[in-house]
Amino acid sequence: MTACDRAEVSLMDRLMTGHYCHLLADHATAHRVASAAVAHCRDRGVGGWLPTTLHLLAQVELALGRRDDAHSHAAEALRLADYYDLDHRVAHLRALLAALAAARGEEDRTRELAHRALEYTLPRGVGRGTSDALWALGLLDLGSGQSQRALDRLEAAQDAAGHPLMARHLLPDLVEAAVRAGRPERAEAPAQALATCADALRQPAVGAQSRRCRALTGPDSQAEEHYLAALDLHPIDDRFERARTELLYGEWLRRQRRKLDARDRLRAALERFDRVGAQPWVRRARTELRAAGGHHDPTLAPNSPIARLSPQEREVARLAATGATNREIATQLLLSPRTVGHHLYRAFPKLGISSRTQLADVLGG
């Protein structure tokens, strides 16, 4: 229990502590404190402060990768802020909801929310609100492949944020946009700033993003080391960020002509993006997967039998279901026949079958 968990702690103390922990990327503590602040408002009928506490909670949930929870709490906060005529809070919440919509590829909703937020924040010089709205528009552009436009928007968002800590969450997107736009010189400063933050904060989520950006901006000889380190550091709940790393890693592997390894990473990225509803990123991952010589079954649901298999087990099982022998599969996938047999041995109990003759039925032909 922290000091802020005690019942006698004031609401303002909880809010200040929650914001401080959030800025320092201690999102687990920030979530506990923000949840306590929301409970404080609900239990004591402090309705006027509920939009503010819910906003903080939604920001933290977004940072933790809990996007459905973040959307639910931000939407509730927006309804309440509108009811209480809290125009300043309304603008901030619209910008946050725009960022959530951008990741899902909801173009019209993203633009509507972001532009309505900017109508309030720009003439009043509300830096953080302006920054978040521009971030949403930049993220939308980045997901849809408009890299140069994304870079321009994200740099404007960084300028509007003011203090570097307020812009830390923008840095991974800035680096990726700059590299994809063919402007690696504009990726150097944000990548270095993120590395400095990661060293200072010592938080796994920030470290994962920093290692991913070092893979993007550093020499190819070190890229794989950075990608693997990033995947080790990503919190398990943050599927979206992990999938972004897997996508970039898969793209790099394809460029290195390691197509089998690339397909494993790209398929994993595609499935994670699909589960969080990040449709622009689904399309990008699917395109890369096809370029790597792979394919994706759009009917693959989290509860389908094949979803229980690892990516390589899945590839082996699909080929075996066509009647290919272990030797034929081994030749196609650049494996040994013994390794193919090992993958099938592990796959059968996961699929609830005992022989390869049952594969076609359980995999839907």
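# Exercises on a predicted helical model

Helix α3 covers residues 50-64; its 15 residues reach 21 Å from the first C-alpha to the last, close to the 21 Å expected at 1.5 Å a residue. The expected span is 1.5 Å times one less than the number of residues. Helices (H or I, at least four residues) and strands (E, at least two) are DSSP runs, numbered from the N terminus.

The model is predicted: local features need pLDDT of at least 70, side-chain atom pairs count only at pLDDT 80 or more, and totals for chains, interfaces and linings use all residues. Residues are numbered from 1 along each chain as its sequence is written, and side-chain values use heavy atoms, with hydrogens and water left out.

## Exercise 1. Confidence

Task: Determine which elements have the lowest and the highest mean pLDDT.

Solution. Step 1: pLDDT is the predictor's confidence in each residue, from 0 to 100. Step 2: The protein averages 91, and 93% of the residues score at least 70. Step 3: Helix α17 (residues 326-333) has the lowest mean, 74, and helix α11 (residues 204-217) has the highest, 98.

## Exercise 2. The setting of helix α3

Task: Establish how many residues of α3 are buried, and describe the phi of Gly 65.

Solution. Step 1: Buried means under 20% relative accessible area, exposed over 50%, and partly exposed in between (1.4 Å probe, protein chains only). Step 2: In α3, 14 of the 15 residues are buried, so the helix is largely enclosed by the rest of the structure. Step 3: Gly 65, just after α3, takes a positive phi of about 85°.

## Exercise 3. Two positive phi values

Task: For Ala 25 and Arg 257, state the phi and decide whether each residue is buried or exposed.

Solution. Step 1: Most residues other than glycine have a negative phi. Step 2: Ala 25 has a positive phi near 65°; Ala 25 lies in the loop between α1 and α2 (27-44). Step 3: With a relative accessible area of 4%, Ala 25 is buried. Step 4: Arg 257 also has a positive phi, near 65°, and is placed in the loop between α13 (239-255) and α14. Step 5: Arg 257 is exposed, because its relative accessible area is 76%.

## Exercise 4. Contacts of buried residues

Task: Locate Asp 173 and Leu 351, and list their contacts beyond four places in sequence.

Solution. Step 1: Contact means heavy atoms within 4.5 Å. Step 2: Asp 173 belongs to helix α9 (residues 171-180) and counts as buried at 4% relative accessibility. Step 3: Apart from neighbours within four places in sequence, Asp 173 touches Trp 135, Leu 139, Leu 142, Leu 154 and Arg 244. Step 4: Leu 351 is in helix α18 (residues 337-351) and is buried at 5% relative accessibility. Step 5: With the neighbours within four places again set aside, Leu 351 is in contact with Pro 305, Ile 306, Arg 308, Leu 309, Leu 359, Val 362 and Leu 363.

## Exercise 5. Distance in sequence and in space

Task: State the C-alpha separation for Arg 263 and Leu 289, and for Leu 351 and Arg 338.

Solution. Step 1: Arg 263, in helix α14 (residues 259-276), counts as buried at 10% relative accessibility. Step 2: Arg 263 and Leu 289 are 26 residues apart in sequence and 5.9 Å apart in space, C-alpha to C-alpha. Step 3: Leu 351 and Arg 338 are 13 residues apart along the chain, and their C-alpha atoms are separated by 20 Å.
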